[in-house]
Amino acid sequence: MIEPLFLKPYFQEKMWGGTRLKSEFGCQIPSDHTGECWAISAHPHGRAIVENGEFSGVPLDQLWQEHRELFGNAKGKVFPLLTKILDAHRDLSVQVHPDDNYAAEHEHELGKTECWYIIAAKPDAKLIYGHTAQTRAELAEMIKQQKWQQLLRYVPVKAGDFFYVPSGTIHALGAGIMALETQQSSDTTYRVYDFDRVDPTTHQKRQLHLQQSIDVTNVPHVDPRLQSKKYRVGDAQVIQYVETDFFAVYRWDLAGGGTANFVRKDAPYTLMSVLSGSGQLQINGQDYSLKKGQHLILPFQVKSWKISGQLEIIASEPGEKS
Ligand code: ZN
């Protein structure tokens, strides 16, 4: 029988984390400073585990190694995507991630292009996205002189916003933001600035990676042009936010209620995260209940599916390079 793969997430405690993964999504979090829910993850730093059907109990990385047919026999050493929910109770460090080439050479893993769908944001929430330096020498000098106000670009945010964050983009989520992140499966972060904070658990400042940051940052910063598309599938309002070599990301909005029949086009499999509401997923006449906080993969063999109820879902599919 062809079944969806529902996943049990892994949680990461962070000095900037909070309790909203529990209060908003009902997660069993390990502490009151839980920053990240690694919801769909095959990364060795936090694997999600299948919780239903014949693969119940199997970690996603093992499933990728042993049952590649579920992923359309996709190539690649590692499952390429990672879906997280982030609870930024405090500001995250100002950071940048390498691209595939730099990460392969220096970190032996994938690079990290990521994107955020903003689930919630307090009224004056801001994030850092991009910088003002025009040359790499200027970037290095402004970092050395700690000219943060001048260097960093602050952007106001509200729920429903979407940001594409290619590798090489200086960025930081600000306090009071919850976001769903779709990213390459990588855990390489170069910290540029951490607000001179001391981590209360270790009583030390967290490590910075200034030279790597200067090496991998795109200079000058250029905002990517998103060619998002809007269309309807049945009663669902669909937005395709981005389609790149790494991933395509969609919002399926059935918040007003109704039914939508989806047919997969080219991608070998589909990731889904339910952000609000409840309803049903129907595959080959079989019903599965869906509710806020669930994360799942529709494997290769599931070519079409029906969703009904009142639901808001963020979905993603691997791109050409992944
Ligand atoms: Zn990041």
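Are Glu36 and Lys84 buried or exposed? In this structure, which is a predicted model, Glu36 is buried, and Lys84 is buried as well. With that in mind, we can look at how these two residues meet and then follow similar pairs through the chain.

The side chains of Glu36 and Lys84 come together in a salt bridge, with a distance of 3.2 Å from N to O. This pair links distant parts of the chain, for Glu36 belongs to strand S3 (residues 34-40) while Lys84 belongs to strand S7 (residues 81-88), and the two residues are 48 residues apart. The structure holds eleven salt bridges, and the one between Glu36 and Lys84 is a useful starting point for reading some of the others.

A second pair is made by Arg47 and Asp61, whose closest N and O atoms are 2.5 Å apart in a salt bridge. Here, too, distant parts of the chain are linked, since Arg47 sits in strand S5 (residues 46-47) and Asp61 in helix H2, with their positions 14 residues apart in the numbering. Helix H2 itself covers residues 60-66. Arg47 has a relative accessibility of 35%, and because buried means under 20% and exposed means over 50%, Arg47 counts as partly exposed. When neighbours within four places in sequence are left aside, Asp61 is in contact with Ala42 as well as with Arg47. The C-alpha atoms of Asp61 and Ala42 are separated by 4.4 Å, although these residues are 19 residues apart along the chain.

A third salt bridge joins Asp223 to Arg153, and the closest N and O atoms of this pair are 2.8 Å apart. Asp223 lies in the loop between helix H6 (210-216) and strand S16 (229-233), whereas Arg153 lies in strand S11 (residues 152-156), so the pair ties together parts that are 70 residues apart in sequence. Both partners count as partly exposed, Asp223 with a relative accessibility of 39% and Arg153 with a relative accessible area of 28%. Salt bridges can also share partners, and in this way Glu36, Lys84 and Glu181 are joined into one network.

Charged residues also appear together on the surface, where Glu243, Asp245, Asp266 and Glu320 form a negative patch. One of these residues, Asp245, is placed in the loop between strand S17 (236-243) and strand S18 (247-254). With a relative accessible area of 37%, Asp245 is partly exposed.

Finally, we can turn from side chains to the backbone. Most residues other than glycine have a negative phi, and most peptide bonds are trans. Against that background, where does this model depart from the usual pattern? The peptide bond from Val219 to Pro220 is cis, with omega near -10 degrees, and Pro220 lies in the loop between H6 and S16, which is also the loop that holds Asp223. Phe195 is not a glycine, yet it has a positive phi of about 60 degrees; Phe195 is found in the loop between strand S15 (190-193) and H6, and at 25% relative accessibility it counts as partly exposed. Asn284, likewise not a glycine, has a positive phi of about 45 degrees. The place of Asn284 is in the loop between strand S20 (270-283) and strand S21 (286-291), and its relative accessible area of 66% makes Asn284 exposed.

Conventions: Residues are numbered from 1 along each chain as its sequence is written. This is a predicted model: local features need pLDDT of at least 70, side-chain atom pairs count only at pLDDT 80 or more; totals for chains, interfaces and linings use all residues. Side-chain values use heavy atoms; hydrogens and water are left out. Patches are made of residues with over 30% relative accessible area and no salt bridge: like charges are joined within 9 Å, nonpolar side chains (Val, Leu, Ile, Met, Phe, Trp, Tyr) within 5 Å. Accessible areas come from the Shrake-Rupley method with a 1.4 Å probe; for residues, only the protein chains shown count as cover. A salt bridge is a side-chain nitrogen of Lys or Arg within 4 Å of a carboxyl oxygen of Asp or Glu. Lys and Arg count as positive and Asp and Glu as negative; His and the chain ends are not counted. The place of a charge is taken as NZ of Lys, CZ of Arg, CG of Asp or CD of Glu. Helices (H or I, at least four residues) and strands (E, at least two) are DSSP runs, numbered from the N terminus. Buried means under 20% relative accessible area, exposed over 50%, partly exposed in between (1.4 Å probe, protein chains only). Contact means heavy atoms within 4.5 Å.
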